[in-house]
Amino acid sequence: MDQTLDRAAVDPLRLIGTGLPLAELGESVCAAVAERAPGLGAVLVMLDHSSRLLEIVATRAVDVEATDRAFPLGRGGGPIGLAVTADETVVGSSDWAARRSPGALVAAAPIPHDGAPVGALVAVGAESLLDEACLLHLQACAQLIGLVAGRTDDSRLTVEPVTGLPDRTALTSIIERRDGLGSSCATILIETGRDCPLSATELADTLRDAARPTDRVFWIDERRHLVLSSHANGPDDVETAVGRFMRALCERGSQMTADIGAVIHHAPYAPATLIEQALSCPSTPLDCDQPAVSDPRAVQLMQRATMEEIDAALARGEIRAAYQPIVTVMDGTTVGVEALARWHHATGERQPDDFVPVLEAAGQVRRLTEAMLVSACRDLAGWQRDGVVPDGFTVSVNVSATELSYADFPDRVSRILRRQGTNPANLRVEITETAALSDRPRAIQVLTELRALGVSVALDDFGTGYATFASLRSLPIDVVKIDQSFIRSLPDRASETVVHSVIDLAGVLGLRVVAEGVELPEHLDFIRTAGVDLAQGYLFSPPATPGEISRQLASA
Ligand code: C2E
Ligand code: CA
Ligand code: CA
């Protein structure tokens, strides 16, 4: 178990979700491998589809010289891979795990992605240095590079066959994974006229050529293409991008007609909503005499609810908690619920993504937190009156990062608990990994005070932020929640590695683990085998009203 805590496991996990380009990650990983012992060097290479050397991404403490066939490593080492004797690059046969060659100076681990190696992480050094622990480290690092390579490698997305452009499924998966997207992103919808003079491939090439490095072009249907700009620095920047596409289309001839519109979206992104907004945005017709955005509405800033509306909704009690059960993996017993804010609006139920970021930006999120804490205490009291609450039952309330910056937060929680007559042991607060790490000393202080009250703490969305495994160790927490993105992508080797690593570490630290977003029986099978103890997701129940929760608990 101790191994889990040494740098071997800690370093690669630190890199998840950092959003760094592969080259920079490669540098960090190679440095981490080389730092294991003096005399060790490391190389990260990527391979093409026939397992030939494509690129040496990073090296540390070793001289590498690539030729088109062989791949000799410095200090007398042969080419990497299984057959160190051949003067050919043999990296990438699919059946090798991390291994070293007999008596050799090199050990290599394949970088898996979608079941095939897309590269290798290689350690170079004396045989004694390339021990079992080193191989384990290489393998863990390689798996995580695979995760990152998968995130950034558009060539592996599903594509429309004629144009080779990624399609709508690819778009959804990129938004879901928030792959490379900043806190704001933009979509540009280009709808060409019925009698477009360009063939599908000519049109695709034109759009591809006009795209900036941060733009990705998607095929929606014969007439519609969508450009996703990973970062939107305000309407002016988006107008400039729109102008580029307009000019590029105009250059293809005067018969070109199109309507173009853009939307700026803000994180967090919900794929279905984002795509719907992107495809229904107001547009401006292409005018080749003046290829620029003529109608300012054509660049639409997605409006969220205003602070005034939310204010009124909170005052009228329209924002209330829905509760999603958290169950044991072993037998499905509900051991707690998570409170999720729902706005019961005249036009229908509104989701937290519509209003939580507005409250956060306005510095008003404490009003929501208090409303949710009060709801949680009252609904718990109701369930207790119904006699359906088992021992040790917890209600989890989400707490925004900004709450941790208020030193009086534990006092406010304590006052609410006292006023509502709630046992603190029944309350759990969920904070995101990013929140806990942005001002660590403050977070540690606030969380320590909360736990002193008897309230437990869960670290939410684990794996999406910058937490190192080492930093987890010093956080005063009781539970880690593995982010949904890892569960949803199961079965997937990289996600499996993450799940296993979290469980190992949690075991060492005495933390409980919740797997979130469990939607399918396959997900449950995997986490059960892996040893996750708690789960939450649509497979068991969607978020439900307090009345429904009472009925569910009663019938258990
Ligand atoms: P979260 O804390 O990670 O909450 C889990 C989200 O995943 C919820 O979305 C839940 O409805 C959804 N979910 C649960 N099971 C599944 C599943 O099997 N599959 C999928 N695809 N999704 C599942 P929701 O309610 O839209 O909340 C979104 C986020 O808004 C929450 O993420 C949380 O960060 C934030 N939030 C919700 N309520 C509050 C609140 O009262 N205060 C604050 N500060 N943030 C809140
Ligand atoms: Ca949560
Ligand atoms: Ca979560």
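A residue counts as buried when its relative accessible area is under 20%. Glu516 has 6% relative accessibility, so Glu516 is buried. That residue belongs to a calcium site in this predicted model.

## The chain as a whole

The protein chain has 556 residues, and 51% of them are buried. The chain holds 19 helices and 20 strands. Its accessible surface is about 24,000 Å². Carbon and sulfur atoms own 49% of that surface. Long-range contacts matter for reading the fold. Take the contacts between residues at least 6 apart in sequence: 66% of them join residues at least 24 apart.

## Two calcium ions

Ligand 2 and ligand 3 are both calcium ions, and they sit 4.1 Å apart. Which residue bridges the two? Asp460 does, coordinating both ions. Asp460 is buried, because its relative accessible area of 6% is under the 20% limit.

The table sets out the two sites.

| Calcium ion | Protein donors | Donor distances | Spacing along the chain |
|---|---|---|---|
| Ligand 2 | Glu338 (OE), Asn398 (OD1), Glu430 (OE), Asp460 (OD) | 2.2 to 2.3 Å | E-x59-N-x31-E-x29-D |
| Ligand 3 | Asp460 (OD), Asp461 (OD), Glu516 (OE), Glu516 (OE) | 2.2 to 2.8 Å | D-D-x54-E |

Start with ligand 2. Its donors include Glu338 and Asp460. Glu338 lies in strand S13 and Asp460 in strand S17. The two residues are 122 apart in sequence, and the pair links these distant parts of the chain. Glu338 has 3% relative accessibility, so Glu338 counts as buried.

Now ligand 3. Glu516 appears twice in its donor list, each time through OE. Asp461 is another donor, through OD. Asp461 lies in strand S17, while Glu516 lies in the loop between strand S19 (512-515) and helix H18 (521-530). The pair therefore ties together parts that are 55 residues apart in sequence.

Is Asp461 buried or partly exposed? Asp461 is partly exposed, because its relative accessibility is 26%. Glu516, at 6%, is buried.

## Around ligand 1

Ligand 1 has 21 residues around it. Arg342, Ser400, Gln484, Glu519 and Tyr538 come nearest. By class, the shell has nine nonpolar, six polar and six charged residues.

Which elements supply at least two shell residues each? They are strand S13 (334-345), helix H10 (352-361), helix H11 (365-385) and strand S17 (456-462). S13 gives the most, with four residues.

Several polar side-chain atoms reach ligand 1. A polar side-chain atom of Glu519 is 2.5 Å from a nitrogen atom of the ligand. In Asn398, an N or O atom of the side chain lies 3.1 Å from a ligand oxygen atom. For Asp461, the distance from a polar side-chain atom to an oxygen atom of ligand 1 is 3.3 Å. On its own, ligand 1 has 800 Å² of accessible area, and the protein covers 84% of this.

## Where the sites meet

Some residues serve in two places. Asn398 is a donor of the calcium ion ligand 2, and its side chain also comes 3.1 Å from an oxygen atom of ligand 1. Asp461 is a donor of the calcium ion ligand 3, and a polar atom of its side chain lies 3.3 Å from an oxygen atom of ligand 1. Strand S17 holds Asp460 and Asp461, and S17 also supplies at least two residues of the ligand 1 shell. Strand S13 holds Glu338 and gives the most residues to that shell.

Methods. Residues numbered from 1 in each chain as written. Chains lettered and ligands numbered in written order. Predicted model: local features only at pLDDT ≥ 70, side-chain atom pairs only at ≥ 80, totals over all residues. Heavy atoms only, no water. Near = heavy atom within 4 Å. Polar contact = N/O pair within 3.5 Å; in protein donor to acceptor, adjacent residues only side chain to side chain. Areas by Shrake-Rupley, 256 points an atom, 1.4 Å probe, with all protein chains shown as cover. Nonpolar A, V, L, I, M, F, W, Y, C, P; charged D, E, K, R; others polar. Donors = N, O, S within 2.8 Å, 3.2 Å for Na, K, Ca; no water. Buried < 20%, exposed > 50% of the residue type's maximum accessible area, 1.4 Å probe, protein only. Contact = heavy atoms within 4.5 Å.
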